[in-house]
Each structure stands twice: as structure tokens, then as C-alpha cells.
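Reader: I'm new to reading protein models. Could you walk me through this one?

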Amino acid sequence: MTQNLLHQTSCPLIPRAPLREHTWLGVGGPADFLAQPQNQEQLLSLLNALEPSTPLHIIGAGSNLLVRDGDVKGVVLSLKGSWNYTRIDPLNPHILEVGAATTDMNTARAARNAGLSGLEFMIGIPGTIGGAIRMNAGCFKGETSQCLLDVSTLSRDGTFHTLYPDQLQFAYRQSQIPHDHIILKARFSLQHDDPELIQERMKVISKERQKNQPQAVKTSGSTFKNPTSSHLRAWQLIEGVGGRERSYGNAQFSHLHCNFLINNGNASAHELEHLALSVQKDVLNTSGIALEWEVIRWGLSQEETSQ
Ligand SMILES: Cc1cc2nc3c(=O)[nH]c(=O)nc-3n(C[C@H](O)[C@H](O)[C@H](O)COP(=O)(O)OP(=O)(O)OC[C@H]3O[C@@H](n4cnc5c(N)ncnc54)[C@H](O)[C@@H]3O)c2cc1C
């Protein structure tokens, strides 16, 4: 990865940026470069300077990532600045436009303030709109794709696109946003409702989450997806192999919600991944069900980096 990149773009770049500072799990080795464009001009300048072979990863709030302890090759792109906003369409007051860097929580609040219903479930999800669309994030029967009107993206070759839900094959915690597309903004078509009723529904969701999910811990939420081939949920399968009591180094599964992997101090990504893989293997051996990762894993291990 050439250091020349620093001189070829107006985009702010941090070399050897430790990604543990940018993930909810608090783990992750250094990215060759962390790119933090503040506006479209800087983003286009970055894309223009990138060699086609340089890997480009996009990070939102880092709430669904397990980044390994070794190097992350290439550029990790973090959108902030110009992409952190919400706006009601002046011509269609039931349409909310949201920049990709806006948090899900602020999106839910903006919809409520405008008396628009449909995004209440987002009040408890700690990611950004970019991550919510990529993951089709959801809870309490709500899913990001449900009220989505369209998504604006920029592909690596510098072309702007508008993508519609029927092109994106949304399914449980997945979408088919092309991998070289950067999500810039999304528009949601919502229903008018009384802000107080919307607030009440958000309160119920927040209370439920506080009761059933660990709070103020380093986690990445659900580690594995609920299997479609079984009536059992991922946490039940994990519990069935004693996962609730398991730990490895400073990694453990939450006692409160045993599909939540937790960094209980200074766990390494290796400890967290090792624990999850051992539970995944035991579930397969005892039930025949292959749990699929919901958390996305990036980067090289320490050993791979030093080879
Ligand atoms: C405490 C806790 C509770 C959670 N509860 C839920 C829940 O109830 N429901 C749920 O669905 N998830 C939940 N999650 C998981 C996580 O919050 C969601 O998956 C969220 O949508 C991830 O968003 P993010 O911005 O953090 O994305 P990241 O974790 O940073 O990235 C996730 C993926 O999105 C891609 N991405 C991010 N931004 C962009 C962009 N602008 N353009 C293109 N790709 C992008 C990344 O490349 C990566 O592939 C929880 C996590 C935690 C820590």
C-alpha cells in the first residue's frame, strides 16, 4: 500500500489507524489508512486516487464488526460530516431523507419529531443508516427495508446511482447492495401519526431492550443469525451447548442474552472469534445446525500479519 496516497488526495487520511477505537467490540488492528472525507469533493478525490487493486472497506458505527488483531489492508472509509443529516422532503412531507452517517437513533427521533411513523424500531439499534441498509437491520418486527423508498450510492469508479428496494433483494439481515457501492443517503416513505404515540412506542421498545439485552458493554449485538431451518433461535442453540457460561480469555457470551458476544475488558479479536467459533462448532455437532455469522469479520490475524 503506497504512502503516496497521502499526497494524491485532498481527503483526510490517518495512516496505521487502530480500528479498535472505531468498533463497538473495542478490538481491531491497524488499517493501512483510515479515510475520513468531510464532503463529496474529498470522497471523489479519494476514489480517484485509489489504485483498483487497493481494498476499500466501509465502516459505519462499527457496531456489527469483529475486526481481527492484525493488519487491515487498504483503506477503511468512514463517512461523517456532510452525510450526517436528516431532512423532510419539502414537496412530500411523508418522506424522510437521511444521510448515511446519521445514527439510527437520531433517525428514529427525527421521524418522531416530524410526526412520521415506521422507524420506531431504530431507537434501539446503535448503528448508522449506511450499516442499517447494508445489514437490513431490524428488531421488534421492524426492518430497514420496510419503509425504504430508495438508496443513493457512489460506486468505486465514481458513478452515482439510485437503487430501489426491489433491486436489492433484502432478506433477514442482508441486502445485495453491490460491494463496491458506498451508501450516501436513503429516503424513507413514512406514515403520519401523533408524535406522542410514536414516542410511546419507542419507549416500549427501549424498555424491552434494557430488560433483555446487556447494557454499557463492549459487544456487537447478535453474533449469529437465527437459523431459518429450525424453530429454535440462535440464543437457544448457544444455550443448549452451555454457551451462557462460556468464556475464553476476556471474551464471553452475555449471561443476559447469550447470542451477544462480549469483550469483558481487554479481550483480543482472536479470543472473541475463537469463543464464537467453538460454540458454532458445538452447535453443529449436537444439532446439525450451522449457525451463520451475523457479525461481519474483517482483517488478518496477528500470525497472518507477521508471516
Ligand atoms: C448493543 C447492540 C445491539 C444491536 N441490536 C441490533 C438489533 O436489534 N437489530 C439489528 O439488526 N442489529 C443490531 N445490532 C447490530 C448493528 O447495530 C447493526 O447491524 C447495524 O445496522 C450496523 O450498523 P453500523 O453503522 O454500525 O455498521 P458497521 O458495523 O460499521 O458495518 C456493518 C456493514 O455495513 C457496511 N456499511 C456501513 N456503512 C456503509 C455505507 N455507508 N455504505 C456501504 N456499506 C456500509 C460495512 O461495510 C459492513 O459491511 C446491534 C449491535 C449492538 C452493538
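Author: Sure, let's begin with Asn-263, which sits in strand β18 (residues 260–263); strands (E, at least two residues) and helices (H or I, at least four) are DSSP runs, numbered from the N terminus. Keep in mind that this is a predicted model, where local features need pLDDT of at least 70, side-chain atom pairs count only at pLDDT 80 or more, and totals for chains, interfaces and linings use all residues. Residues are numbered from 1 along each chain as its sequence is written, and side-chain values use heavy atoms, with hydrogens and water left out.

Reader: Does Asn-263 count as buried or exposed, and why?

Author: The cut-offs are these: buried is under 20% relative accessible area, exposed is over 50%, and partly exposed is in between (1.4 Å probe, protein chains only). Asn-263 has 4% relative accessibility, so the label is buried.

Reader: Which backbone oxygen does the side chain of Asn-263 reach?

Author: Two polar contacts help here (pairs of N or O atoms within 3.5 Å; within protein, one must be able to donate a hydrogen and the other to accept it, and residues adjacent in sequence count only if both atoms are side-chain atoms). One has a polar atom of the Asn-263 side chain 2.8 Å from the backbone nitrogen of Ala-267. The other, at 2.9 Å, goes to the backbone oxygen of Leu-25.

Reader: Where is Ser-229, and is that residue buried or exposed?

Author: Look in the loop between β15 (218–222) and α6 (234–240) for Ser-229. Its relative accessibility is 64%, so Ser-229 counts as exposed.

Reader: What caps the N-terminal end of α2?

Author: Helix α2 covers residues 40–49, and its buried residues include Leu-43 and Leu-46. At the N-terminal end, a side-chain oxygen lies 3.3 Å from the backbone nitrogen of Glu-41, and that oxygen belongs to the cap, Asn-39.

Reader: How many salt bridges are there between domain 2 and domain 3?

Author: The domain assignment, automatic or from a database, puts domain 2 at 84–199 and domain 3 at 214–306. A salt bridge means a side-chain nitrogen of Lys or Arg within 4 Å of a carboxyl oxygen of Asp or Glu. Glu-294 and Arg-173 meet that way, at 3.9 Å, N to O. Between domain 2 and domain 3 the count is 1.

Reader: What separates the centres of domain 2 and domain 3?

Author: The centres are taken over C-alpha atoms, and the separation is 28 Å.
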